[in-house]
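Trainee: Could you take me through one part of this model closely, starting from a single residue and working outward to what surrounds it? I would like one connected account rather than a list.

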Amino acid sequence: MPDAIVVRRARATDAAAIAAVHRAAFAATDFGYQGEAELVALVEADGDALVSLVAECAGTVAGHILFSRMSAVADGRPLAAAGLAPVAVLPDWQGQGVGGMLIREGLAALRDQEIALCVVLGDPAYYTRFGFSADLAARFASPFAGEHLMAMMLDPAAVWPVAGRADYAPAFARMG
(Lines give C-alpha, C1' and ligand atoms only; values in the text may rest on other atoms or scores of the structure.)
Protein backbone atom coordinates (compact mmCIF):
# COMPACT_ATOMS: atom_id res chain seq x y z
CA MET A 1 0.00 0.00 0.00
CA PRO A 2 1.36 3.43 -0.87
CA ASP A 3 2.70 5.32 2.16
CA ALA A 4 1.64 8.68 0.79
CA ILE A 5 -2.12 8.00 0.99
CA VAL A 6 -4.02 10.18 3.46
CA VAL A 7 -7.64 9.44 4.35
CA ARG A 8 -9.61 12.52 5.31
CA ARG A 9 -13.16 13.84 5.48
CA ALA A 10 -14.52 14.84 2.10
CA ARG A 11 -15.06 18.55 1.53
CA ALA A 12 -17.55 20.31 -0.74
CA THR A 13 -14.62 21.29 -2.98
CA ASP A 14 -13.96 17.55 -3.58
CA ALA A 15 -17.31 16.97 -5.33
CA ALA A 16 -15.99 16.95 -8.91
CA ALA A 17 -13.02 14.73 -8.01
CA ILE A 18 -15.30 12.33 -6.12
CA ALA A 19 -17.65 12.08 -9.11
CA ALA A 20 -14.67 11.40 -11.40
CA VAL A 21 -13.41 8.63 -9.10
CA HIS A 22 -16.78 6.86 -9.12
CA ARG A 23 -17.19 7.17 -12.89
CA ALA A 24 -13.67 5.85 -13.59
CA ALA A 25 -13.79 3.05 -11.02
CA PHE A 26 -17.18 1.69 -12.01
CA ALA A 27 -16.59 2.07 -15.76
CA ALA A 28 -13.74 -0.43 -15.30
CA THR A 29 -16.04 -3.10 -13.79
CA ASP A 30 -17.95 -5.91 -15.50
CA PHE A 31 -21.30 -4.22 -14.82
CA GLY A 32 -20.16 -0.73 -15.85
CA TYR A 33 -21.05 2.65 -14.44
CA GLN A 34 -24.42 2.62 -12.68
CA GLY A 35 -24.80 6.22 -11.48
CA GLU A 36 -22.77 6.04 -8.26
CA ALA A 37 -21.60 9.67 -8.57
CA GLU A 38 -25.21 10.81 -8.84
CA LEU A 39 -26.12 8.66 -5.82
CA VAL A 40 -23.43 10.36 -3.75
CA ALA A 41 -24.77 13.79 -4.77
CA LEU A 42 -28.37 12.79 -3.94
CA VAL A 43 -27.47 11.37 -0.51
CA GLU A 44 -25.46 14.50 0.29
CA ALA A 45 -28.27 16.81 -0.91
CA ASP A 46 -30.82 14.93 1.21
CA GLY A 47 -28.64 15.33 4.33
CA ASP A 48 -28.36 11.55 4.75
CA ALA A 49 -24.55 11.30 4.55
CA LEU A 50 -23.07 10.15 7.86
CA VAL A 51 -19.45 9.70 6.77
CA SER A 52 -17.85 10.73 3.49
CA LEU A 53 -14.10 10.13 3.19
CA VAL A 54 -11.53 10.51 0.44
CA ALA A 55 -8.15 8.87 0.00
CA GLU A 56 -5.73 11.48 -1.27
CA CYS A 57 -2.22 11.18 -2.65
CA ALA A 58 -0.14 14.19 -3.61
CA GLY A 59 -3.25 16.34 -3.92
CA THR A 60 -5.15 13.80 -6.07
CA VAL A 61 -8.33 12.17 -4.82
CA ALA A 62 -7.69 8.47 -5.53
CA GLY A 63 -10.69 7.00 -3.69
CA HIS A 64 -13.97 7.80 -1.97
CA ILE A 65 -16.39 6.09 0.40
CA LEU A 66 -19.83 7.12 1.58
CA PHE A 67 -21.84 5.82 4.53
CA SER A 68 -25.44 6.99 4.62
CA ARG A 69 -28.18 6.97 7.22
CA MET A 70 -30.47 3.94 7.14
CA SER A 71 -33.87 3.40 8.68
CA ALA A 72 -33.51 0.28 10.81
CA VAL A 73 -35.54 -1.54 13.43
CA ALA A 74 -34.24 -4.54 15.35
CA ASP A 75 -36.41 -6.64 17.63
CA GLY A 76 -39.06 -3.91 17.61
CA ARG A 77 -36.70 -1.05 18.53
CA PRO A 78 -35.06 1.63 16.35
CA LEU A 79 -31.41 0.91 15.64
CA ALA A 80 -28.83 3.49 14.54
CA ALA A 81 -27.65 2.13 11.20
CA ALA A 82 -25.60 3.10 8.18
CA GLY A 83 -25.28 1.80 4.65
CA LEU A 84 -21.86 1.56 3.02
CA ALA A 85 -22.31 2.62 -0.59
CA PRO A 86 -20.62 3.46 -2.74
CA VAL A 87 -16.89 2.94 -2.36
CA ALA A 88 -14.58 3.50 -5.33
CA VAL A 89 -10.88 3.72 -6.10
CA LEU A 90 -9.30 5.00 -9.30
CA PRO A 91 -8.24 2.05 -11.49
CA ASP A 92 -4.52 2.88 -11.19
CA TRP A 93 -4.78 2.70 -7.40
CA GLN A 94 -6.88 -0.47 -7.13
CA GLY A 95 -5.32 -3.53 -5.52
CA GLN A 96 -3.08 -1.42 -3.28
CA GLY A 97 -5.22 -1.37 -0.13
CA VAL A 98 -6.83 2.04 -0.67
CA GLY A 99 -10.38 0.66 -0.53
CA GLY A 100 -9.57 -1.22 2.67
CA MET A 101 -8.17 1.94 4.24
CA LEU A 102 -11.36 3.81 3.40
CA ILE A 103 -13.58 1.04 4.78
CA ARG A 104 -11.65 0.72 8.07
CA GLU A 105 -11.52 4.50 8.61
CA GLY A 106 -15.21 4.82 7.76
CA LEU A 107 -16.24 2.06 10.17
CA ALA A 108 -14.19 3.75 12.91
CA ALA A 109 -15.95 7.06 12.21
CA LEU A 110 -19.34 5.31 12.45
CA ARG A 111 -18.35 3.83 15.81
CA ASP A 112 -17.45 7.33 16.99
CA GLN A 113 -21.00 8.41 16.02
CA GLU A 114 -22.43 5.47 18.01
CA ILE A 115 -23.88 3.81 14.93
CA ALA A 116 -24.77 0.23 15.89
CA LEU A 117 -25.18 -1.51 12.51
CA CYS A 118 -23.57 -1.15 9.10
CA VAL A 119 -25.01 -2.77 5.96
CA VAL A 120 -23.37 -3.30 2.58
CA LEU A 121 -24.44 -4.83 -0.72
CA GLY A 122 -21.40 -6.30 -2.43
CA ASP A 123 -18.96 -9.13 -2.96
CA PRO A 124 -18.96 -11.47 0.06
CA ALA A 125 -15.36 -12.53 -0.64
CA TYR A 126 -14.27 -8.90 -0.19
CA TYR A 127 -16.51 -7.55 2.56
CA THR A 128 -16.40 -10.51 4.94
CA ARG A 129 -12.71 -9.72 5.60
CA PHE A 130 -13.88 -6.53 7.34
CA GLY A 131 -16.40 -8.39 9.52
CA PHE A 132 -19.55 -8.18 7.40
CA SER A 133 -21.87 -11.20 7.57
CA ALA A 134 -24.66 -12.39 5.28
CA ASP A 135 -26.06 -14.33 8.27
CA LEU A 136 -26.57 -11.12 10.24
CA ALA A 137 -28.08 -9.31 7.24
CA ALA A 138 -30.51 -12.19 6.68
CA ARG A 139 -32.17 -11.26 9.99
CA PHE A 140 -33.28 -7.95 8.45
CA ALA A 141 -36.05 -7.64 5.88
CA SER A 142 -34.71 -5.64 2.96
CA PRO A 143 -35.50 -5.19 -0.73
CA PHE A 144 -31.86 -6.23 -1.33
CA ALA A 145 -32.02 -9.50 0.62
CA GLY A 146 -29.71 -12.25 -0.59
CA GLU A 147 -26.14 -13.49 -0.32
CA HIS A 148 -24.68 -10.13 -1.38
CA LEU A 149 -26.40 -8.22 1.44
CA MET A 150 -24.16 -8.24 4.49
CA ALA A 151 -24.18 -6.46 7.83
CA MET A 152 -22.04 -6.03 10.89
CA MET A 153 -22.63 -4.89 14.42
CA LEU A 154 -20.09 -2.14 15.01
CA ASP A 155 -19.69 -3.18 18.62
CA PRO A 156 -18.29 -6.71 18.33
CA ALA A 157 -19.69 -7.54 21.78
CA ALA A 158 -23.24 -6.56 20.79
CA VAL A 159 -25.87 -9.29 20.68
CA TRP A 160 -27.21 -9.87 17.18
CA PRO A 161 -30.89 -8.95 16.82
CA VAL A 162 -33.33 -11.78 16.14
CA ALA A 163 -35.25 -9.93 13.43
CA GLY A 164 -35.72 -6.49 11.98
CA ARG A 165 -35.91 -4.31 8.91
CA ALA A 166 -33.24 -2.18 7.27
CA ASP A 167 -33.93 0.36 4.52
CA TYR A 168 -31.35 2.45 2.70
CA ALA A 169 -31.72 6.23 2.51
CA PRO A 170 -34.46 7.45 0.12
CA ALA A 171 -31.90 8.44 -2.55
CA PHE A 172 -31.24 4.74 -3.26
CA ALA A 173 -34.87 4.18 -4.28
CA ARG A 174 -34.79 7.24 -6.53
CA MET A 175 -31.83 5.73 -8.44
CA GLY A 176 -34.16 2.91 -9.56
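Mentor: Let us begin with Ala 85, which counts as buried because its relative accessibility is 16%, and the cut-off for that word is under 20%. Please keep in mind throughout that this is a predicted model. Ala 85 belongs to strand E5, which runs over residues 81–89. If neighbours within four places in sequence are set aside, Ala 85 is in contact with Leu 66 and Phe 172. Phe 130 lies 45 residues from Ala 85 in sequence, and the C-alpha atoms of these two residues are 15 Å apart in space.

The peptide bond that follows deserves attention, since Ala 85 and Pro 86 are joined in the cis form, with omega at about -10°. In general, most peptide bonds are trans, and most residues other than glycine have a negative phi. Pro 86, like Ala 85, is placed in strand E5.

From Pro 86 we can step across to His 64, because Pro 86, Val 87 and Ala 88 are among the residues that His 64 touches once residues up to four places away in sequence are left out. His 64 sits in strand E3, residues 60–74, and its relative accessible area of 0% means that it is buried. The other contacts of His 64 are Ile 18, Val 21, His 22, Val 40, Ser 52, Leu 53, Val 54 and Leu 102. Between the C-alpha atoms of His 64 and Ile 103, which are 39 residues apart along the chain, the separation is 9.6 Å.

The loops on either side of strand E3 each hold a residue with an unusual backbone angle to look at. Ala 58, in the loop between strand E2 (49–57) and E3, has a positive phi of about 50° although it is not a glycine; with 78% relative accessibility, Ala 58 counts as exposed. Asp 75, in the loop between E3 and strand E4 (77–78), likewise has a positive phi, near 50°, without being a glycine, but Asp 75 counts as partly exposed, at 36% relative accessibility.

Returning to Phe 172, which Ala 85 contacts, we come to the aromatic rings. Ring pairs are counted when the centres lie within 6.5 Å, and by this rule there are five aromatic pairs. One of them joins Tyr 168 and Phe 172 in a tilted arrangement, with 4.7 Å from centre to centre and 40° between the planes; both Tyr 168 and Phe 172 are buried. Another of the pairs, Tyr 127 with Phe 132, is edge-to-face, at 6.0 Å between centres and 90° between planes, and these two residues are buried as well. Ring pairs also link Tyr 126, Tyr 127, Phe 130 and Phe 132 into a cluster, so the Phe 130 whose distance from Ala 85 was given above is a member of that cluster.

As for the setting of this part, the protein chain contains six helices and nine strands. Its radius of gyration is 15 Å, which agrees with the value near 16 Å that a compact globule of 176 residues would have, and 48% of the residues count as buried. Among contacts in the chain with a separation of 6 or more, 65% come from residues 24 or more positions apart.

How values were computed
Residues are numbered from 1 along each chain as its sequence is written. This is a predicted model: local features need pLDDT of at least 70, side-chain atom pairs count only at pLDDT 80 or more; totals for chains, interfaces and linings use all residues. Side-chain values use heavy atoms; hydrogens and water are left out. Rings of Phe, Tyr and Trp (its six-membered ring) pair if their centres lie within 6.5 Å; planes under 30 degrees apart count as stacked, over 60 as edge-to-face and the rest as tilted. Buried means under 20% relative accessible area, exposed over 50%, partly exposed in between (1.4 Å probe, protein chains only). Helices (H or I, at least four residues) and strands (E, at least two) are DSSP runs, numbered from the N terminus. The radius of gyration is taken over C-alpha atoms; the globule rule is 2.2 Å times the number of residues to the power 0.38. Contact means heavy atoms within 4.5 Å.
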